[in-house]
Structure formats: structure tokens, C-alpha cells
Amino acid sequence: MKTLITEFISLDGVVQAPGGADEDNDGGFTHGGWSMKYFDPDVMGSMYAELAEQSEILLQGRRTYQVSAAAWPSRSGDPFTDWINRVQKYVVSNTLTEKDAIWNPTTIIRGADFMKTVSELRARPGGYIYVYGSATMVRSLLDADLVDELLLTIEPIILGGGKTIFAENGKAVPFTLESSVKASTGAQVCRYVRAR
């Protein structure tokens, strides 16, 4: 399997709280929901749905899982929503319990087992391990070189600070641009494949 990271990202590399005002205000972040006005359902919706259909696992950090579990189960009727509600989910958390795993099917991965579990999943035959949000987890995956593709929706806004998926560790990690599509909103949907 391959690890696919999908992120809405600002020009200055911020991925924090793209979907809602109260999604994640850590560090005093006040721009929650910044990404919504740049969403293009024709360009972005079809691309995300197509990749989701090729994905067999959804992998998330605790906060992204909790926000998603509160929002998605009550929705239905389009390919992405139907996929996300039925797909096997893995959530990385040292604090969630089985009773917190309300968005079925869900498996909890403890932090100490995270890298081993992802490596084992990647060794299986199959499609993508789909990841969105989860900035801390994504930084760890990139640092461990366990990311095969990045689908970055680069949106024409500077946020002046916030969470990013990129570590400041001095490592150079090359990717190849596979495709780039401009949305009607001015966002660029860029698909990158890890150059190995």
C-alpha cells in the first residue's frame, strides 16, 4: 500500500483548521475555516473522491479523528462521504479508549506502535492509506520517509503562522510533480510523488 497525504495548505505552509472556526485554535490561531471559500467542488471534489475510491484505509491523528467523527457519520449521498463512512479507520492516540472509537470501523494505534503499524500496512498489497489533516502525525510520517504521495491544495492566502506538516529538520526530501490543476477559486491542486 502507499501513504497518500492530502492537505489544504496556505501559501505560507499552514494546514491548521481549514474547515471551521473552532476546529483547532491551538497557539491562538484565529483563522479557522480559512480554506472554505477556496473549495471548488468540480475540481477538488472529483479528485479527492477518485483518490478515496483507490484507498483502503483512512489514517488520522486524534484531533482530526474526533472532528471528523462528529461531522461525517450524519452525511451521505456522494461518493466521498459514502467511502469515508465505510472505510477502515486507524486513529493514532494514547488517550482515546475503545468507547471513544465511535466512527466505525475504527482501530486505535498507540503512539509507541505508530511507525511499526504504518510500515506493516504499507507492506500489504492494496491501494492507498489516505491521510488528511493530522499535522503532527504527518510530520512524523514525512520524517520517517513513510509518505509516497502528497496531494496539496495550495490556496491563495497567507495566514502568518499556524501548524504545518513540514519539520524544520534539515532533511531534503525530493518529490516529483505528477499533476497540477487550477481550481476556479485560484487554488492549485498539486499531486507529488516521492522521488526514490
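Two residues are in contact when heavy atoms of one lie within 4.5 Å of heavy atoms of the other. Keep that in mind for the close-ups below, which come from a predicted model.

**View 1. P174 and its contacts in a loop.** Let's start with P174, which sits in the loop between β6 (149-155) and β7 (175-182). Leaving aside neighbours within four places in sequence, P174 is in contact with R194 and A195. P174 has a relative accessible area of 44%, so it counts as partly exposed, a class that runs between the 20% and 50% cut-offs. How far apart in space are P174 and M137, C-alpha to C-alpha? They are 20 Å apart, with their positions 37 residues apart in sequence.

**View 2. D24, a buried loop residue.** Here we look at the loop between β1 and α1 (41-53), where D24 is found. Its relative accessible area is 6%; because buried means under 20%, D24 is classed as buried. The side chain of D24 reaches the backbone nitrogen of D26 at 3.0 Å. Beyond its neighbours within four places in sequence, D24 is in contact with Q16, A17, F29, R63 and K163.

**View 3. T3 in strand β1.** Now find T3, a residue of strand β1 (residues 2-10). Is T3 buried or exposed? It is buried, with a relative accessible area of 0%. The T3 side chain reaches the backbone oxygen of L146 at 2.9 Å. L146 also appears in the list of residues in contact with T3 once neighbours within four places in sequence are set aside. The others in that list are V118, R122, I129, V131, L141, V147, D148 and E149.

**View 4. The two faces of helix α4.** One contact of T3, V118, takes us to helix α4 (residues 114-123), where F114, T117, V118 and L121 are buried. Why do these four lie on the same side of α4? They cover an arc of only 95 degrees around the axis, which puts them on one side together. A general rule helps here: an α-helix has 3.6 residues a turn, so residues three or four places apart point the same way. The face turned away from the buried side of α4 carries the exposed residues K116 and A123.

**View 5. What packs against α4.** Stay with the helix and look at what its buried residues meet. They pack against the strands β1, β2 (55-61), β3 (88-92), β4 (106-109) and β5 (128-132). Helix α5 (135-143) also packs against the buried residues of α4.

How values were computed: Residues numbered from 1 in each chain as written. Predicted model: local features only at pLDDT ≥ 70, side-chain atom pairs only at ≥ 80, totals over all residues. Heavy atoms only, no water. Helix = DSSP H or I, 4+ residues; strand = E, 2+ residues; numbered from the N terminus. Buried < 20%, exposed > 50% of the residue type's maximum accessible area, 1.4 Å probe, protein only. Polar contact = N/O pair within 3.5 Å; in protein donor to acceptor, adjacent residues only side chain to side chain. Arc of directions from axis to C-beta.
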